[in-house]
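Please work through the following exercises with the sequence and the model at hand. Each task is followed by a solution in steps.

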Amino acid sequence: MTTPVVKNNFLPPGLVSNLEQVLLSRKTGGDGGESSNPNENEDDSAKPVPSSNGGDSSESNGDDGSKPIILVTNSDGVESPGLSYLVDALVREGLYNVHVCAPQSDKSTSGHSLTLKETVEVVSADINGATAYEVSGTPVDCVSLALCGSLFTWSKPLLVISGINRGLSCGHHMFYSGVVAGAREALVNGVPSISISLNWKKDGSKESDFKDAVTVCLPLIHAMIRDVEKGVFPKSCSLSVEVPTSPLTNKGFKVTKQSLWRSTLTWQAISATRHQAASRFAAQQNNAMQLAQLGRDASAAVKLPLYVLFVVHFTLRMLLHAISCSLQIFTIENFFRVHARRLATQKKNIEIVESVGAAKSDFKRTVKYFRLEMLNKEQEEEDEDLDFKALENDFVAVTIISLSMHEETETKIAASEWISSAMLVGQ
């Protein structure tokens, strides 16, 4: 089932109507002499221009309670171009309260993993006017933290968007994918979600392809937001969207089935010398960070000059060393004194038997090092409705993800019908 991509108007008519009403209310409320007819010519600078049309106008993303809250996360990291272009487009339209909670670094293959028994660092970030934080954890950490009510003042956004990821998430890659996991975690918490991935080619893709991918996916995002607000979006499902390598030349949206597509996991042996060099460099960086943090903590705790802290530290080290040496000398002298008395009372021809309890110390451990690589493999599946097959044929593949196997068929049917109607409305 295919639906053509909208080429001229990237906003559904219902959304355009809402925009006209908003603009009308602003003009009548701000300038009493302005005409109330929405069909009259208006100043173009007052209109929110979608990112897809290349407009220059933007609107501050203040926390307006009348606007729906959208949470954006990803797996490539907070500084990735896919996230930046997506957030920029959503903020510039001025229709939503856009919030971002994304990993500090690349977590693309983290799957549905959580950070337990470790402290997670959260730092505010400046991302195109959105309320944003970067998290030292996984995409699932980010979504879970955002929805718990401790980070933001709200606990349930209208929609969670995960992406745009660099590289596809078809087939079995959905199990490894951090971007899909971010959307799935939202679904676990009862929030509708969508994950977006771009079929990035190392030698053929460019950064502007992410901007084109945003242009292609915005109609679907707008339709989801509209129907979630109305309560007609299918329950208990998430959409996994795969955008072809050349987004603007796609053949349309196509509802697909998850395939058995997967990469070959190859473990490459790494020499000990190479590993040790890399480990030494990482250790030096870690030590430098620890020393810097120690200095900051010490300065914050005790308002003393640095040289005074050094002298105190050195003196304590020397004192502890002296005490340790004294205890060792005392222990050795006492040991020989006690055992000399015992030997004197024993028979002269006593046979001394050496202990063999330390024999295990001769065992030498073998240490090896490996690095994992994921290599693409030829696929034998020929069904045109499979995700990777549709992507190869330049369709935007939309795979429906459900949490319950019992409701999977019913959910997919409902979601398929919704996608078809949403794209028709978008025309």
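The exercises below treat confidence, a buried serine and a surface patch.

This is a predicted model, in which local features need pLDDT of at least 70, side-chain atom pairs count only at pLDDT 80 or more, and totals for chains, interfaces and linings use all residues. Residues are numbered from 1 along each chain as its sequence is written, and side-chain values use heavy atoms, with hydrogens and water left out.

**Exercise 1.** State the average confidence of the protein and a stretch where pLDDT is below 50.

Solution. The average pLDDT (the predictor's confidence in each residue, from 0 to 100) is 76, and 63% of the residues score at least 70. Residues 1–19 have a pLDDT below 50. Where pLDDT is low, the predicted coordinates should not be read in detail.

**Exercise 2.** Determine whether Ser-162 is buried or exposed, and find the partner of its side chain.

Solution. Ser-162 lies in strand 6, residues 159–166 (strands are DSSP runs of E, at least two residues, numbered from the N terminus). Its relative accessibility is 0%, so Ser-162 is buried (under 20% relative accessible area; exposed is over 50%, partly exposed in between, with a 1.4 Å probe and protein chains only). The Ser-162 side chain reaches the backbone oxygen of Val-179 at 2.7 Å.

**Exercise 3.** Identify which strand gives the largest share of the nonpolar patch.

Solution. The surface patch consists of Tyr-176, Leu-265, Trp-267, Phe-370, Leu-372 and Met-374. Strand 10 (263–270) and strand 11 (369–376) each provide at least two of its residues. The largest share, three residues, belongs to strand 11. Leu-265, in strand 10, is partly exposed because its relative accessibility is 37%.

Terms used. Patches are made of residues with over 30% relative accessible area and no salt bridge: like charges are joined within 9 Å, nonpolar side chains (Val, Leu, Ile, Met, Phe, Trp, Tyr) within 5 Å. Accessible areas come from the Shrake-Rupley method with a 1.4 Å probe; for residues, only the protein chains shown count as cover. A salt bridge is a side-chain nitrogen of Lys or Arg within 4 Å of a carboxyl oxygen of Asp or Glu. Helices (H or I, at least four residues) and strands (E, at least two) are DSSP runs, numbered from the N terminus. Contact means heavy atoms within 4.5 Å. A polar contact is a pair of N or O atoms within 3.5 Å; within protein, one must be able to donate a hydrogen and the other to accept it, and residues adjacent in sequence count only if both atoms are side-chain atoms.
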